[in-house]
Amino acid sequence: MSSIRLFILGSLAERGPMHGHQLRLLAEEEHVHMWTDISVGAVYGAIKRLATEGLISVARVEREGHYPERQVYEISDAGRRDLAALRLDGLRTIVLKPDPFDLAMTRLDPDRLDELPLMIEARLLALRAMLTDSEATTAHALPYLTASESFVMQHKAARLRAEIAWHEHLVTVLPDIVADELARKAD
């Protein structure tokens, strides 16, 4: 699933032909970097790849004043088919990336178990700060968002709340985990 491809193809299908700078401005206007995995700076490279693959094509070349010529792109028939598949894939695919923390918890350093509670508390503080930041960002962007964009931005906060709840539960079972690790070290 490629978010940047979905963004570019969807934007061209919805809004009509645009040049790269217009697509970049649209990405900034829609604050996609706040609620997707899209880097606004990646737009130009993605445009080149989509053009090479025949998913978009040059509709025209235009020049304004003394600015360099700009290629204005439109979505091709192949691009519309790819867009349909990307939309379905985006709605069907669930992405929960493994957290290296989980592996680290199963490979604890037996000589540093006394440091574990402080590390977990530090993670909790960081997660809570991320939640506060996410909520502030959403509140700031809210006037500029569509109903669906607003709802989607709340998804990150909901995930962070779930992580916080899981870590808070971890704090309660941490003594059992440490005791188990110490017992295994003694064996």
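Let me start with the aromatic residues: a search of the whole structure, which I should say at once is a predicted model, finds 1 aromatic pair. That pair is made by F101 and W166, and its geometry is edge-to-face, with 6.0 Å from centre to centre and 85° between the planes. The two partners come from distant parts of the chain, since F101 belongs to helix α6 and W166 to helix α8, and 65 residues separate them.

How buried or exposed are these two residues? F101 has a relative accessible area of 10%, and because buried is taken as under 20%, F101 counts as buried. W166, at 41% relative accessibility, counts as partly exposed. F101 has a further partner in R123, whose charged end sits over the ring of F101, at 3.8 Å from the ring centre.

R123 falls within the residue range of helix α7, which runs from 116 to 141, and that helix is my next topic. Helix α7 has 26 residues and reaches 37 Å from its first C-alpha to its last, which is close to the 38 Å expected at 1.5 Å a residue. Which of its residues are buried? They are L116, I120, L124, L127, L131, S134, T138 and A141. As a reminder, an α-helix has 3.6 residues a turn, so residues three or four places apart point the same way. If you follow the buried residues of α7 on the model, you will find that they pack against α3, residues 32-35, against α6, residues 100-106, and against α8, residues 147-186.

Let me now turn to I56, which lies in strand β2, residues 56-62. I56 is buried, with a relative accessible area of 2%. What does I56 touch, once its neighbours within four places in sequence are left aside? Its contacts are L9, L12, I47, L50, A51, Y73, E74, I75 and S76. I56 can also be placed relative to R80, which is 24 residues away in sequence and 9.1 Å away in space, C-alpha to C-alpha.

The last residue I would like to show is R5, which is found in helix α1, residues 3-15. R5 is an arginine that counts as buried, at 18% relative accessibility, and it does so because the cut-off for buried is under 20%. Not counting residues up to four places away in sequence, R5 touches G10, L50, E53, L55, D82 and L86. L50 is thus a contact of R5 and is also listed among the contacts of I56.

Terms used. Residues numbered from 1 in each chain as written. Predicted model: local features only at pLDDT ≥ 70, side-chain atom pairs only at ≥ 80, totals over all residues. Heavy atoms only, no water. Helix = DSSP H or I, 4+ residues; strand = E, 2+ residues; numbered from the N terminus. Expected span 1.5 Å × (residues − 1). Buried < 20%, exposed > 50% of the residue type's maximum accessible area, 1.4 Å probe, protein only. Contact = heavy atoms within 4.5 Å. Phe/Tyr/Trp six-rings, centres within 6.5 Å; stacked < 30°, edge-to-face > 60°. Lys NZ or Arg CZ within 6 Å of the ring centre and 35° of its normal.
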